[in-house]
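Let's take a walk through this one together, starting out in a loop and working inward before heading back to the surface. Have the viewer open as you read.

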Amino acid sequence: MSGLACVVLAAGKGTRMRSALPKVLHPLAGRPMVEHALAIARALAPERTVLVIGPELEADSSGLEGVSEAAACVVQEEPLGTAHAVARTRPLLEDFGGDVLVLYADTPLVRSETLAGLIAARRAGDGAAAAVLGFRPEDPAEYGRLILAPDGTLARIVEYVEASEDERAVTLCNAGMMAVDGRRLFPLLDAIGNDNAKGEYYLTDLPAIVAAEGGRCAVAEAPAGEVMGINDRVQLAEAERVVQDRLRRAAMEAGATLVDPATVWLSLDTRLGCDVTLGPNVVIGPEVVIEDGVEIRPFSHLEGVRVREGAVIGPFARLRPGSDIGEGARVGNFVEVKGSTVAQGAKINHLSYVGDAGVGAGANIGAGTITCNYDGYRKSRTEIGEGAFIGSNTALVAPVTVGPGAVVGAGSVITEDVEADAIAVARGEQRQREGAAARRRERRKPDLAEG
């Protein structure tokens, strides 16, 4: 959207989360809450995006991976209120003359369409100084109230504790988000004082200052469910339910089949192709791409993986980060794949662990096979060639290579490379003593009788 800058406030401590993790880093649909807010902003295609963080989030730089690409960051060193937080963006936005949209990282359910309506309300007519987003909850409880002037513009925002009985009867409540004319933003912020019980600078004072100067503030309304804030883990769980329902519906509308939608869990960045089928109790973690025609059978868990066209996964399969499953490949029940490439048409159908490996096209991995990739100090790779056959209950001790077309006998422990088209067997020689079982039973008859 031309002429738009987004400011995402993420400096709150979130004490009610009862957590050492900053509130906005708590995951929602597999991604930190703050990433949801930035995704909402990104959908509006702003010219600039600024994220305001606190010292705690600045110190936890690992939680901000990828954020630097989406937004510039500024730090609110002291928690002195929302107006003070927005004022920290002055070095980045003081020259900006378009709309400045203020969002909250702990309010991640609002839709971009709703925010576009808020910006349109600010721009309507000859343009208001600001537009504030309101909502009408079933129980207004202790929300701040939006007090309208007779002409329908916003006169002021009144906090519940300071509201009169008549003002508390107002059902239009403050959602917190607002769009402000960038040319007026910082002069208005400079006019906001801190003469209140907490000594903080509140963005909610802005409409009253505009009205006192003879200006105009507009109002736009949002569905109550979109502006739910997340302050504790109960609300986080409620938001997860809403987000999952949205993701499931979007997946089905885009051409995926969810056999039992309520039991399928997706991530914010999940990418599903056409005619993908997800069985019951499938969990899709972050960074998963599933191409057209893939079937993910029940109780499978995927994270950080690409599954290519026509592959079949599960049931009860686990695909871990760094894996790439080729076209038409099969990864079956109780199989775990980690950091591995499974090429086109390869099969790992039962009870196996394939870690740090390459499995060639058309190879077959027998039940109970494991790649022994860790020696207690370092990880090593196993390479299995095209068309190779690995017998059941084989241990491949990395680093090791099994050449194309090679066969490894069941029950082998392979510690050396196997040449292409060779047969390798590495197990103790079988011995047989004729009649020994019958003689053993005869010797044990007295013991069995006493038992």
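Where does E309 lie? You'll find E309 in the loop between β19 (305-307) and β20 (312-313). Keep in mind throughout that this is a predicted model. E309 has a relative accessible area of 44%, so it counts as partly exposed. Setting aside residues up to four places away in sequence, E309 touches E291, D292, V294, E327 and G328. For a sense of scale, pick F96 as well: the C-alpha atoms of E309 and F96 are separated by 46 Å, with the two positions 213 residues apart along the chain.

Now for the sheet that β20 belongs to. It is an open sheet of 10 strands with parallel pairing, in the order β12-β14-β17-β20-β23-β26-β29-β32-β35-β37. At the edges sit β12 (257-258) and β37 (423-424), each of which pairs on one side only. In general, strands of a sheet pair through backbone hydrogen bonds, either parallel or antiparallel. Zoom in on one pairing: β14 (residues 277-278) and β17 (residues 295-296) run parallel and are joined by two bridges, with L278 standing opposite I296 in β17.

Further along that sheet order comes β26 (residues 347-350), and K347 has its place there. K347 comes out at 38% relative accessibility, so it is partly exposed. Beyond its neighbours within four places in sequence, K347 is in contact with R330, A363, N364 and I365. The C-alpha atoms of K347 and A361 are 9.0 Å apart, and the two residues are 14 residues apart along the chain.

Next, a strand with quite another setting: β7 (residues 130-135). Why call this strand largely enclosed by the rest of the structure? Because six of its six residues are buried. A130, V132 and G134 point one way from β7, while A131, L133 and F135 point the other way, and all are buried. Its pairing partners include β10 (residues 173-181), joined to β7 by five bridges and running antiparallel, and β11 (residues 217-221), also joined to β7 by five bridges but running parallel. V132 makes a handy marker here: it stands opposite M178 in β10 and opposite V219 in β11.

That brings us to the packing. The largest nonpolar core has 71 residues, and those with the most contacts inside it are L101, L115, L118, L133, M177, L189 and L203. Strand β1 (residues 4-10) supplies the largest share of this core, seven residues. Apart from it lies another core, of 54 residues, including M17, I284, I296 and I325. You've met I296 already, as the residue opposite L278. To see what a well-connected residue looks like, select M177: leaving aside neighbours within four places in sequence, its contacts include V102, L103, Y104, L115, L118, A131, V132 and L133.

Two buried polar residues deserve a stop. D99 has its place in strand β6 (residues 99-104) and, at 3% relative accessibility, counts as buried. The side chain of D99 makes a polar contact with the side chain of R122, at 2.6 Å. Among the other residues in contact with D99 are G3, L4, A5, A179 and V180. H36, in helix α1 (residues 33-43), is buried too, at 4% relative accessibility. Not counting residues up to four places away, H36 touches L28, A29, R31, P108, V243 and L268.

Let's finish with the rings. A search of the whole structure finds three aromatic pairs. F135 and Y143 form an edge-to-face pair, 5.0 Å centre to centre with 85° between the planes. F135 is buried at 3%, whereas Y143 is partly exposed at 38%. The rings of F316 and F334 have their centres 5.0 Å apart and their planes at 10°, so that pair is stacked. F316 sits in the loop between β20 and β21 (318-319), and F334 in the loop between β23 (330-333) and β24 (336-338). F299 joins F316 and F334 in one aromatic cluster. Finally, check two arginines over rings: R168 lies over the face of Y160, at 4.0 Å from the ring centre, and R248 over the face of W265, at 5.2 Å.

Note on methods:
Residues numbered from 1 in each chain as written. Predicted model: local features only at pLDDT ≥ 70, side-chain atom pairs only at ≥ 80, totals over all residues. Heavy atoms only, no water. Helix = DSSP H or I, 4+ residues; strand = E, 2+ residues; numbered from the N terminus. Buried < 20%, exposed > 50% of the residue type's maximum accessible area, 1.4 Å probe, protein only. Contact = heavy atoms within 4.5 Å. Pairing = 2+ DSSP bridges. Polar contact = N/O pair within 3.5 Å; in protein donor to acceptor, adjacent residues only side chain to side chain. Core = buried A, V, L, I, M, F, W, Y, C linked by side-chain atoms within 4.5 Å. Phe/Tyr/Trp six-rings, centres within 6.5 Å; stacked < 30°, edge-to-face > 60°. Lys NZ or Arg CZ within 6 Å of the ring centre and 35° of its normal.
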